Amino acid sequence: MKGVSRYVMSGFYVLAGINHFINPEFYYPLIPEYFRYPIAINFLSGVAEVTLGLGLLWSKTRKVSAYLIIAMLFAFIPSHIYFIEIGGCIDEGLCAAPWVGWVRLLIIHPLLMYWAWRVRK
């Protein structure tokens, strides 16, 4: 079962990372205004997600990739907090009820971290 979970997680991050390049306009407004260089942040996030997602597939890189995914998820926390601060709506973009941001931050994000922890071996 761990093998299937690892492949699903890998695919999840690879596809999410690719989406940073296909649809960057979706991500720019999610980057807090106090961060400079949103284009570079989006690019690096996409590269990290693809690289780390692929790293889960090989036993030699799996553990470090899983730990770096957890670190990356910690690095994404300001974006989730920013989404909550702006009320869950971005002009001409994503709009969700404010509670959705809290669920993502307090439930989904920790579950993704736990999932990465579980597939590290």
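How many aromatic pairs does a search of the whole structure find? The search finds 6. Keep that number in mind during the tour. One note before starting: this is a predicted model.

**Stop 1: two aromatic pairs**

Select Phe12 and Tyr13. Their rings form an edge-to-face pair, 4.9 Å centre to centre, with 80 degrees between the planes. Now look at how each residue sits. Phe12 is partly exposed, at 40% relative accessible area. Tyr13 is buried, at 2%.

Add Trp115 to the selection. Phe12, Tyr13 and Trp115 belong to one aromatic cluster.

Move on to Phe26 and Tyr27. Here the ring centres are 5.1 Å apart and the planes stand at 85 degrees, so this pair is edge-to-face. Is Phe26 buried or partly exposed? Phe26 counts as partly exposed, with 33% relative accessibility. Tyr27 is buried, with a relative accessible area of 16%.

**Stop 2: Gly53 in H3**

Show helix H3, residues 38–55, and pick Gly53 within that helix. Gly53 has 0% relative accessibility and counts as buried. Which residues does Gly53 touch, leaving aside those up to four places away in sequence? They are Ser10, Tyr13, Val14 and Ala48. Tyr13 is the buried ring from the pair with Phe12.

Next, draw a line from the C-alpha of Gly53 to the C-alpha of Leu15. These two residues are 38 places apart in sequence, yet 8.8 Å apart in space.

**Stop 3: Tyr37, ahead of H3**

Step back to the loop between helix H2 (24–27) and H3, and select Tyr37 there. What is the phi of Tyr37? Phi is near 60 degrees, a positive value in a residue other than glycine. Tyr37 is also exposed, at 56% relative accessible area.

**Stop 4: H4 against H6**

Show helix H4, residues 59–75, together with H6. Two packed helices are described by the angle between their axes and the distance between the axes. For H4 and H6 the angle is about 165 degrees and the axes are 8 Å apart. That makes H4 roughly antiparallel to H6, since an angle over 145 degrees counts as such. Their crossing is left-handed.

Now display side chains on both helices. On H4, select Ala66, Tyr67, Ile69, Ile70, Leu73 and Phe74. They meet His109, Leu112, Met113, Ala116 and Trp117 of H6. By class, this contact has 10 nonpolar residues, 1 polar and no charged.

**Stop 5: H5 against H6**

Keep H6 (residues 98–118) on screen and add helix H5 (residues 77–85). Where H4 was, look now at another partner of H6. The axes of H5 and H6 come within 9 Å and cross at roughly 160 degrees. H5 and H6 are therefore roughly antiparallel to each other. Is their crossing left-handed or right-handed? The crossing of H5 and H6 is right-handed.

Select Ile77, His80, Ile81, Phe83 and Ile84 in H5. Their partners in H6 are Gly101, Trp102, Arg104, Leu105, His109 and Met113. This contact has 7 nonpolar, 3 polar and 1 charged residues. His109 and Met113 deserve a second click: they appear in the contact with H5, and they also appear in the contact with H4.

Which residues of H5 are buried? They are His80, Tyr82, Phe83 and Ile84. The buried residues of H5 pack against H6.

**Stop 6: Gly87, after H5**

Follow the chain out of H5. Just after the helix, Gly87 takes a positive phi of about 85 degrees. Gly87 lies in the loop between H5 and H6. At 31% relative accessibility, Gly87 counts as partly exposed.

Look around this glycine. Gly87 touches Ala96 and Pro98, not counting residues up to four places away in sequence. To finish, pick Trp99. Gly87 and Trp99 are 12 residues apart in sequence and 9.2 Å apart in space, C-alpha to C-alpha.

Technical notes: Residues are numbered from 1 along each chain as its sequence is written. This is a predicted model: local features need pLDDT of at least 70, side-chain atom pairs count only at pLDDT 80 or more; totals for chains, interfaces and linings use all residues. Side-chain values use heavy atoms; hydrogens and water are left out. Axes are lines fitted to C-alpha atoms, for helices over the stretch in contact, and angles run from 0 to 180 degrees between N-to-C directions. Helices (H or I, at least four residues) and strands (E, at least two) are DSSP runs, numbered from the N terminus. Angles under 35 degrees count as roughly parallel, over 145 as roughly antiparallel, 65 to 115 as roughly perpendicular and the rest as oblique. A crossing is left-handed if the near helix is turned anticlockwise from the far one by less than a right angle, and right-handed if clockwise. Contact means heavy atoms within 4.5 Å. Ala, Val, Leu, Ile, Met, Phe, Trp, Tyr, Cys and Pro count as nonpolar, Asp, Glu, Lys and Arg as charged, and the others, Gly among them, as polar. Rings of Phe, Tyr and Trp (its six-membered ring) pair if their centres lie within 6.5 Å; planes under 30 degrees apart count as stacked, over 60 as edge-to-face and the rest as tilted. Buried means under 20% relative accessible area, exposed over 50%, partly exposed in between (1.4 Å probe, protein chains only).
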